[in-house]
Amino acid sequence: METRSAKRKKLLEAAALMAADNADKVDRISDLPDDLIHRRIFLLLPIKTIARMSLVSKRWRDLWHSFPDLDFTTVDSLNVIVTAGKSPRARAAEYADQIIGVIEKHSSDLRMLKIKASLTCSRLARLIRHAVNRNVIDLTVDVKTFKVPFNFPRSLLQCNSLQSLHLRSSLINFRLPSPARMREGFRSLTTLSLSGVNFDDDPSLTNFFTESSFPNLKKLHLEHFIRLQHLEIHSAGGPLQEISIDGCNQLEKLVIEVQELRRFIVSNSFNTNCSSLVKRKEVRICAPALKYIKWWSSPIPDECAIDNLTCLEEAFVGCFHLDYVLSDEKAANLSDFLVRFSHSVALTLGCYSIEILWKRGMQLRPFKKFKSLEIRTGLSTYNNGRLISLFRSCPMLQTLTISIHSDIYTEIRKWNKDILTLILERYWESKMEASESESYLQHLKVAKIEAFTERMNDVGLVLFLLKHAKALEEMHLFCGNCEQKDFARRLKLKKHLLDFCKVSSNAAIRFDF
């Protein structure tokens, strides 16, 4: 029979085990510092989840009200149960009021605020005003304002804490403040992105983005500006280093004079339309520190003054239509445009650049600094000679990437092992000048052929590179997927290419089927 002392000992042991078990279940997360919870936990969670956690206790409610990084772009309501039967505009208004309520109850400053919603101008102005009162540093607003123009509120201009501003409207509703008002605002701004701005072709806004208005601006992105025809950006000693312009279709004249500019991108702009068919496109760029330039899906300007790009490292030009060049003048414009980038180390040419450039018999001047060349083109009896001319223009080329695309001019006949030499001579060697047969691709080390097929032109290109690239070290052939019946044929082609007499004994050929 168990004694009373033995029972007491068992009870004490059970109590000790229970106490130890409870000790392991202590809420240690709540004991962490607020800043650590904000940065290491809340930043990884959706905003609605964080809002729900505020119902757990006063401690978590305080953490929610002091969370400085509010991103509302991933939800359309903070309610657990969405109210049914309301119109989209009513639900949007309710959601906007929820966001405003969250900001009003916030007990700390905002490091980041991101919003994506349909808002009335009054609610948008109220929301921005509350964000400014919380000393917001990074503000992103992506809105629809129901086709009503929205003017920049004065409080936003005078927000000394604001360093990054992203404003986007899908309805082209933002209106820029006058230059006179700009003199008093945006003194701390370092990043500015504007999309959906009605420029109204106002001459006073031509020099809107200048050093005097944005003394600390480093990055500028302009997208979908309506009625923007003339734009000038000047910065003699400011920190502006990156400019990108996208979707400004009515742009006719662009002047960039920025001493510290490092990256410059123009895409989907300068498009010809009914109102500007007879107007010439003009571009002037003075950026001695520029290292990267991209001109994509945009016509080549009629008048181009791009000089002193001695620091240029990468240039991207292309994405044209095959029938783009209709005159000798436009072909000459493209040739002159590419010459402006002769100081670049790397060049990428988009679709049909080669076809357009040599459509009127134009020839490129030598690019003696080019070490990397990437081009997207179709291989045909028309283009092979053009590629050889391009190789001739790049005597220091070390890395070559060619992405092959098919069009109506592409040869569809496939290789045959009995005519490999004939393919090389007919499709490539015949395009060379005898006096220059030893001067091609002397420094080429790496060659990459994307979308490689068994067509005669594709095989001929590989043979040409293997025969003339004396310093070749690696050749990568990316073939893509194929049907089972073609796989055996590719294996045979691989064997014949590996057995081909290469001028470089160190050249390794890698196949990606």
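Which residue in strand 8 does Ser 193 stand opposite? In this predicted model, the residue of strand 8 that faces Ser 193 is His 221, and the sections below set that pair in its surroundings.

## Overall composition

The protein contains 14 helices and 22 strands, and of its 513 residues 47% are buried. Among the contacts with a sequence separation of 6 or more, 70% are between residues that lie 24 or more positions apart.

## Strand 7 and its two partners

Strand 7, which covers residues 191-198, is paired with strand 5 as well as with strand 8. Strand 5 (residues 164-169) runs parallel to strand 7 and is joined to it by five bridges, and within this pairing Arg 168 has Ser 195 of strand 7 as its bridge partner. Strand 8 (residues 219-226) likewise runs parallel to strand 7, here with seven bridges between the two, and the pair of Ser 193 and His 221 belongs to strand 8's side of the arrangement.

Is strand 7 enclosed by the rest of the structure or left open? Eight of its eight residues are buried, and strand 7 is therefore largely enclosed by the rest of the structure.

## An open sheet of four strands

A further group of strands forms an open sheet in the order 9-11-13-15, with parallel pairing. Strand 9 (230-235) and strand 15 (303-307) are the edge strands, and because each has a single partner strand, one side of each is left without a neighbour in the sheet. From one strand to the next, the twist averages 5°.

The pairing at one of these edges can be described in detail, since strand 13 (residues 282-286) is joined to strand 15 by five bridges and the two run parallel. Cys 286 is found opposite Asp 307 of strand 15.

## Packing of helices 5 and 6

Helix 5 (residues 88-105) and helix 6 (residues 121-133) have axes that come within 10 Å of each other and cross at roughly 15°. Angles under 35 degrees count as roughly parallel, so helix 5 is roughly parallel to helix 6. The crossing of helix 5 past helix 6 is left-handed.

On the side of helix 5, the contact is made by Ala 93, Ala 96, Asp 97, Ile 99, Ile 100, Ile 103 and Glu 104, while helix 6 contributes Arg 123, Arg 126, Leu 127, His 130 and Ala 131.

## Helix 13

Helix 13 comprises 13 residues (residues 456-468), which at 1.5 Å a residue should span 18 Å, and because its end C-alpha atoms are 18 Å apart, the expected and modelled values agree. Of these 13 residues 12 are buried, so helix 13 is largely enclosed by the rest of the structure. The buried positions include Met 456, Asn 457 and Asp 458 at one end of the list, and also Phe 464, Leu 465, Leu 466 and His 468.

## Val 446 and its surroundings

Val 446 is part of strand 20 (residues 446-450). Its relative accessibility is 18%, and because buried means under 20%, Val 446 counts as buried.

Which residues does Val 446 touch, leaving aside those up to four places away in sequence? Val 446 is in contact with Gln 398, Thr 399 and Leu 400, and also with Leu 472, Glu 474 and His 476. Val 446 and Ala 469 are separated by 23 residues in sequence, and their C-alpha atoms are 9.5 Å apart in space.

Methods. Residues are numbered from 1 along each chain as its sequence is written. This is a predicted model: local features need pLDDT of at least 70, side-chain atom pairs count only at pLDDT 80 or more; totals for chains, interfaces and linings use all residues. Side-chain values use heavy atoms; hydrogens and water are left out. Buried means under 20% relative accessible area, exposed over 50%, partly exposed in between (1.4 Å probe, protein chains only). Two strands pair if DSSP finds at least two bridges between them. The expected span of a helix is 1.5 Å times one less than its number of residues. Contact means heavy atoms within 4.5 Å. Axes are lines fitted to C-alpha atoms, for helices over the stretch in contact, and angles run from 0 to 180 degrees between N-to-C directions. Angles under 35 degrees count as roughly parallel, over 145 as roughly antiparallel, 65 to 115 as roughly perpendicular and the rest as oblique. A crossing is left-handed if the near helix is turned anticlockwise from the far one by less than a right angle, and right-handed if clockwise.
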